[in-house]
Amino acid sequence: MKQQTSGSVLHVRDLNKRIGRKTIIHSISFDVREGEIFGFLGPNGAGKTTTIRMLVGLIKPTAGTVEICGFDVQKQPEQALKYVGSIVENPEMYPYLTGWENLMHFARMQEEIGEDRIREVTELVHLGGRIHEKVRTYSLGMRQRLGIAQALLARPKLLILDEPTNGLDPKGIKEMRAFIRELAAGGLAVFVSSHLLSEIQLLCDRVAIIGGGRELAVGSVDELMGAGRGMVIWDVEPRDKALDLLRGYGDIVVVDSAGAAALEDAAAAMINARSVVTETPEERVPEVLDRMVREGIAVRGVHRVAPTLERLFLQMTEGEGIE
Amino acid sequence: MNRFWAMVQNEVVKIVKKKRFYIVLLILAVLVPIFSYAQMRQSLERRESYGSDWRLEVQQAITDNQNSLSSDRVPQEWKVYRQIYIQQMQYYLDHDVNPNEPGGVTFTREFIDNSSTLFIPLMIMTIASDLVSSERTGGTIKMLLTRPVRRWKVLLSKVTALLMFVSLIVASAYLICYLISGLFFGFKGWTIPVFTGFVLNGSDVDLSFVQATPQWRYLLMQAGLVWFVGVVVALLAFMVSVLVRSTAASIVVMMAALISGSILTNMASAWTSAKYLFMVNLGLTEYLAGNPAPIQGMTLGFSLAVLAAWAAVSVIISFLVFTRRDVLT
């Protein structure tokens, strides 16, 4: 049964993994298309890395299939893996070899990768200056770039990156995002895993959300975590009066301090003693603001921020929660 | 096929750049002069007590051993061993050949004889034990196994590189030994006759097959046997390195096996089924020199077969485990 969508580079159907008696991945299915950036979102321990390992043949699924460009990773690994470049977890290279020697090492494992190509990818990830130094001396960011160079070496159609911005500084994160977008614009399908909602929102076209080894949703980023579900931080005075006013709306949920504490750092920094954090549909904001002004509440700021992954999970599982 | 050799090249590059092989060479270069010096002191001492006539020395050795045979305190196994030794020495005396003639070649022969069960296997282990486990500890196995190459090919390239290094280590052990000891004792001695073919019959030595072999031929035969032992140890260590995640653990496992082997050979003569353990069969060169086997019923052919079986099983296990196991960490 082939229900492959046209342009689907990675085709995953009903992937299951059981280790011992414990099923750690339950029936995960999704497709990644040419030229798109696909996010794989879930908290740590949700099964992201296990799934990624199954995608690239490091772990054998208990059930289900992974097809890359039409080739089954388990049955035809030599054909399937030709089209994938990947970094699973950390970009681990041989520290006692130079960057160049590392790339040579992986180039030798495949046909038709010459020194020209190695030079090309080195330029692409801006490692030119230090490529002939031992990897032992590289910073994490440089290792990450070397890892990507390695992944791109064989001109793959699918690039799999596991938490690519982990451990990078803010500048490095921005560069990485821009770089990934550039690659996707060139027709490459990019699969990115992350535990940060904002990361996925900033980068991805579509997303699969997983928790506890289960797939909770697959769809476009806008659809799944769009404006309607955003959170709003109100910087208002007097706070009590504003609280009462906000609670009066049926579709506005006031988030308690525990929920607010779980916000991502950038959002949490905006919160002060006067702040009220709510889950508010976007289109309500002007109306509420208007009322606040009329009722004499001083509004010092209104920020719309990304909901936390935890909130998203709550919405998705309707209060069921995740462990 | 080209890609396969390119992968073997990869493995060779990694072994060389990890500097393990240099460590092996360094150990040899440090130890051989120490032993050579010790040997030199010994022969100087001999010359002092026996003068320049080696016959006196051999005669003395025979008499000493004969005296100890009559002593009750010497265990029976030792007596067998000494009887054989006496007969061999007598044979040398009768044929007017000095068994202890100092020279670079003789030293090399003796050094390799003594190092074939522990020292050379140890050096081989430094390379074999981390061939797979280091890829796992370093996490590079994820890169290695996500390339479009079947896992058995990856493993085969590693085994091939390993066998190349076993050969290289054995060869360099000979070379370094000869070059350094040659500086002490001179580079001569290739044609000195060495007697081989002592067949042991209980406590008697059957001398009917004994023949004088020029030392260079003896060295060649010895090298073949040492290489075989090296290959077997390498394949076993390789299997352990596939099974165990940490390099340190894999070295310890193999060390324990080897050392238990040398202990067992000294005490296992009563426990005959111990002869199927690989560790007690590593002393192949002993057969060449005509020394008694540690356990009754062991012959050169038997030991070769036992070692080959162990090697074959470890190769099979290595491949089965490596190609099927999930890479979880």
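**Two chains and the interface between them**

I will start with one residue: B:Gly283 counts as buried, because its relative accessibility is 16% and the cut-off for buried is under 20%. This glycine sits in the loop that runs between α11 (247–267) and α12 (284–289) of chain B. For a sense of distance, take B:Ser36, which is 247 residues away from B:Gly283 along the chain; the two C-alpha atoms are separated by 22 Å.

Before going on, please keep in mind that this is a predicted model. The predictor gives the complex an ipTM of 0.83 and a pTM of 0.84. For chain B, the mean pLDDT is 86, and 96% of the residues score at least 70. Within chain B, the element with the lowest mean pLDDT is strand β3, residues 204–206, at 65. At the other end is helix α13, residues 300–324, which has the highest mean of the elements of chain B, at 95.

Now a brief look at chain A. It contains 13 helices and 14 strands. Its C-alpha atoms fill a box of roughly 75 × 50 × 35 Å along the principal axes. Of the 323 residues in chain A, 52% are buried. If we take contacts in chain A between residues at least 6 apart in sequence, 72% of them join residues at least 24 apart.

The next topic is the interface. How many residues of each chain are in contact across it? There are 30 from chain B and 35 from chain A. The area buried between the two chains is about 3,000 Å², and carbon and sulfur atoms give 55% of that. On the chain B side, B:Lys142, B:Met143 and B:Arg147 supply 25% of the area that chain B buries against chain A, more than any other three residues.

Between the chains there are 19 residue pairs in polar contact. The elements of chain B that each supply at least two residues to the side touching chain A are α1 (2–17), α7 (133–138), α8 (141–145) and α9 (151–185). Which of these gives the most? It is α1 of chain B, with eight residues. By type, the chain B side divides into eleven nonpolar, seven polar and twelve charged residues.

Across from that, on chain A, look at helix α3, residues 99–108. Ten of its ten residues are buried, and among them are A:Trp100, A:Glu101 and A:Phe106. What covers them comes from both chains: the cover includes α4 (115–124) and α5 (140–152) of chain A, together with α1 and α8 of chain B.

That brings us to the salt bridges. The structure holds 32 over all chains, and eight are found across the interface of chain B and chain A. One involves A:Glu101, from the helix just described: A:Glu101 pairs with B:Lys17, with the closest N and O atoms 2.7 Å apart. A:Glu101 is in helix α3 of chain A and B:Lys17 is in helix α1 of chain B, so this pair joins two chains. B:Lys17 counts as partly exposed, at 30% relative accessibility.

A second bridge between the chains is A:Glu111 with B:Arg3, at 3.3 Å between the closest N and O atoms. Here the pair runs from the loop between α3 and α4 of chain A to helix α1 of chain B. Are the two partners buried or exposed? A:Glu111 is exposed, with a relative accessible area of 53%, while B:Arg3 is partly exposed at 21%.

A further salt bridge stays inside chain B, between B:Lys18 and B:Asp130, at 3.4 Å from N to O. B:Lys18 is in the loop between α1 and α2 (20–50), and B:Asp130 is in the loop between α6 (119–128) and α7, so this pair ties together parts that are 112 residues apart in sequence. B:Asp130 is buried, with a relative accessible area of 2%. Returning to A:Glu111 and B:Arg3, salt bridges that share partners join these two with A:Glu78, B:Arg150 and B:Lys153 into one network.

One last residue, B:Ser172, lies in helix α9 of chain B. Its relative accessible area is 11%, which means that B:Ser172 is buried. Leaving out residues up to four places away in sequence, B:Ser172 touches B:Phe21, B:Leu25, B:Leu28 and B:Cys177.

How values were computed:
Residues numbered from 1 in each chain as written. Chains lettered and ligands numbered in written order. Predicted model: local features only at pLDDT ≥ 70, side-chain atom pairs only at ≥ 80, totals over all residues. Heavy atoms only, no water. Contact = heavy atoms within 4.5 Å. Buried area = accessible area lost by both parts, 1.4 Å probe. Salt bridge = Lys/Arg side-chain N within 4 Å of Asp/Glu carboxyl O. Polar contact = N/O pair within 3.5 Å; in protein donor to acceptor, adjacent residues only side chain to side chain. Helix = DSSP H or I, 4+ residues; strand = E, 2+ residues; numbered from the N terminus. Nonpolar A, V, L, I, M, F, W, Y, C, P; charged D, E, K, R; others polar. Buried < 20%, exposed > 50% of the residue type's maximum accessible area, 1.4 Å probe, protein only. pLDDT = per-residue confidence, 0-100.
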